[in-house]
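Hi everyone, thanks for coming. I'd like to walk you through one model today, at an easy pace. Let's put it up on the screen.

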Amino acid sequence: MLSNQIISWYLQNKRDLPWRETKNPYQIWISEIMLQQTRVASAIDYFNRFLEQFPTISDLAKAEEQEVLKLWQGLGYYSRARNLHTAAKTIQLEYNGVFPDSYKEILKLKGIGTYTAAAIASFAFNLPHAAVDGNVYRVLSRLYGINKAIDSTEGKKYFQAIASETMGNAIPEIYNQAIIEFGALQCIPRNPKCDICPLLANCFAHNNAQVDQFPVKSKQIKTKNRYFYYLFLSCKNRFLIEKRKKKDIWENLFQYPLIEYDKPISTNELLQTSEWKELFGNNELVIHSVSENVIHKLSHQNLHTKFIHIEMDIDKMKYGYIIINHSDISEYPFPKLIEDHLNIMNKNNP
DNA sequence: AATTCGGGGCA
DNA sequence: TGCCCAGAATT
């Protein structure tokens with residue numbers, strides 16, 4: 001039986017991962033959120049730090065969002081951290097602090113979709129729900145030669161049904177881990193290890209020399225270019241930041257005052273913009289330096305960025321910005337782009 | 001149904 | 001460089 005073959009492979013090849021040492025639904029929940037669109041290797045340190053600072057649901061629910069985001073700094077997809085915090089407060093209020101133990105209730109929580117609900121339900125409570133993630137799409141599509149697009153509504157529904165069938169009566173908590181691990185280590189995206197695959201004889205993709213044709217995706221990503229001019233306004237050990245509040249990248253993270261333009265412009269042109277004039281008025285300032293163009297690449301955006309280092313009396317800046325000391329950086333969550341610049345400034349001026 | 005949300009690893 | 005990663009929410 002297929003599920004037994006996969007489980008057998010798993011028991012011989014599985015990795016030791018911190019979230020596999022617990023049945024605590026809270027800890028499993030944290031791991032699953034962190035692992036959304038994120039590699040295992042990237043998540044491990046974040047997982048350990050997070051549980052050290054927030055050992056229980058109650059600790060997380062009582063925290064400030066800013067603390068949660070700070071722990072998430074660098075991991076990306078920050079709505080995960082905001083939703084995690086929201087859901088912790090929901091569990092505290094509506095479930096008396098006890099993590100819900102049914103798929104239906106788990107699915108209601110903010111930031112938990114069908115995959116994560118099935119994962120938690122099976123890993124923590126051994127409930128029979130097939131968890132279908134990117135690994136499972138890849139394994140099943142190759143095994144059965146399924147050419148339905150995994151990013152279409154029809155495809156998702158179809159794969160969910162096939163996944164449930166394939167799971168059969170296998171032990172959910174083990175089977176789900178097994179097929180996911182199989183996809184992560186054995187049936188990997190490029191150059192899968194078919195030469196040592198236990199499912200080789202029954203694999204449609206391999207038997208038809210189409211391993212690189214699965215899974216099928218319909219949409220393709222297109223990237224936009226944005227042009228950021230970050231103003232590093234410093235005076236001795238202090239500088240200005242602001243909180244990003246719009247529904248855009250990095251919501252509720254902090255950054256330097258920003259002038260964004262729809263096309264690249266020179267520093268001289270920047271000085272003529274209405275944004276610049278609005279910002280500084282007649283204040284005296286000295287442009288200490290202008291950085292090289294830093295291209296920060298996100299999945300859907302290329303951020304062409306320059307850091308303008310300006311020395312001035314920052315107490316004369318208009319209301320709306322936060323003046324912080326360099327020693328207080330650890331209290332504010334910053335995007336990687338800003339974090340990198342802060343590290344450079346810190347290295348040059350310790 | 002299509003778009004948007006980070007950042008890193010790898011051939 | 002392009003693709004993908006233990007996806008979900010929003011439009």
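Let's begin with DNA strand B, and keep in mind that this is a predicted model. There are 23 residues around the strand, and those that come nearest are Thr-153, Ile-249, Trp-250, Gln-301 and Lys-336. If you take the atoms of DNA strand B that come within 4 Å of the protein, sugar and phosphate make up 52% of them.

What kinds of residues make up the surface near DNA strand B? By class, that surface has 7 nonpolar, 9 polar and 7 charged residues.

Now let's zoom in on some individual contacts. Lys-336, which I named a moment ago as one of the nearest residues, has a polar backbone atom 3.0 Å from a phosphate oxygen of DNA strand B. Asp-248 takes part through its side chain: an N or O atom there is 3.2 Å from a phosphate oxygen of the strand. Tyr-77 has a polar backbone atom 2.9 Å from a sugar or linking oxygen of DNA strand B.

Let's step back to the whole protein chain. Chain A is divided into domain 1, residues 2–213, and domain 2, residues 224–348. How many Å separate the centres of domain 1 and domain 2? Taken over C-alpha atoms, the answer is 37 Å. The domains do touch, with 8 residues of domain 1 in contact with 13 residues of domain 2. Between them, they bury about 930 Å², and 50% of that is on carbon and sulfur atoms. On the domain 1 side, Gln-66, Lys-70 and Gln-73 lose the most area to domain 2, together 50% of what that side buries.

My last stop is a set of strands, and β2 is a good one to follow with your finger. β2 covers residues 238–243 and pairs with β1, residues 224–235, in the antiparallel sense over 2 bridges. Cys-235 has Arg-238 in β2 as its bridge partner. These two strands form a hairpin with 2 residues between them, and Lys-236 in the turn has a positive phi of about 55 degrees.

β2 has other partners too. It runs antiparallel to β8, residues 322–325, and 4 bridges join the two. One bridge to look for is Phe-239 with Ile-324 in β8. β2 is also joined by 2 bridges to β3, residues 254–255, again antiparallel. There, Lys-243 has Phe-254 in β3 as its bridge partner.

That's my tour, and I'm happy to take questions!

Technical notes: Residues numbered from 1 in each chain as written. Chains lettered and ligands numbered in written order. Predicted model: local features only at pLDDT ≥ 70, side-chain atom pairs only at ≥ 80, totals over all residues. Heavy atoms only, no water. Near = heavy atom within 4 Å. Polar contact = N/O pair within 3.5 Å; in protein donor to acceptor, adjacent residues only side chain to side chain. Nonpolar A, V, L, I, M, F, W, Y, C, P; charged D, E, K, R; others polar. Pairing = 2+ DSSP bridges. Helix = DSSP H or I, 4+ residues; strand = E, 2+ residues; numbered from the N terminus. Domains from an automatic or database assignment. Contact = heavy atoms within 4.5 Å. Buried area = accessible area lost by both parts, 1.4 Å probe.
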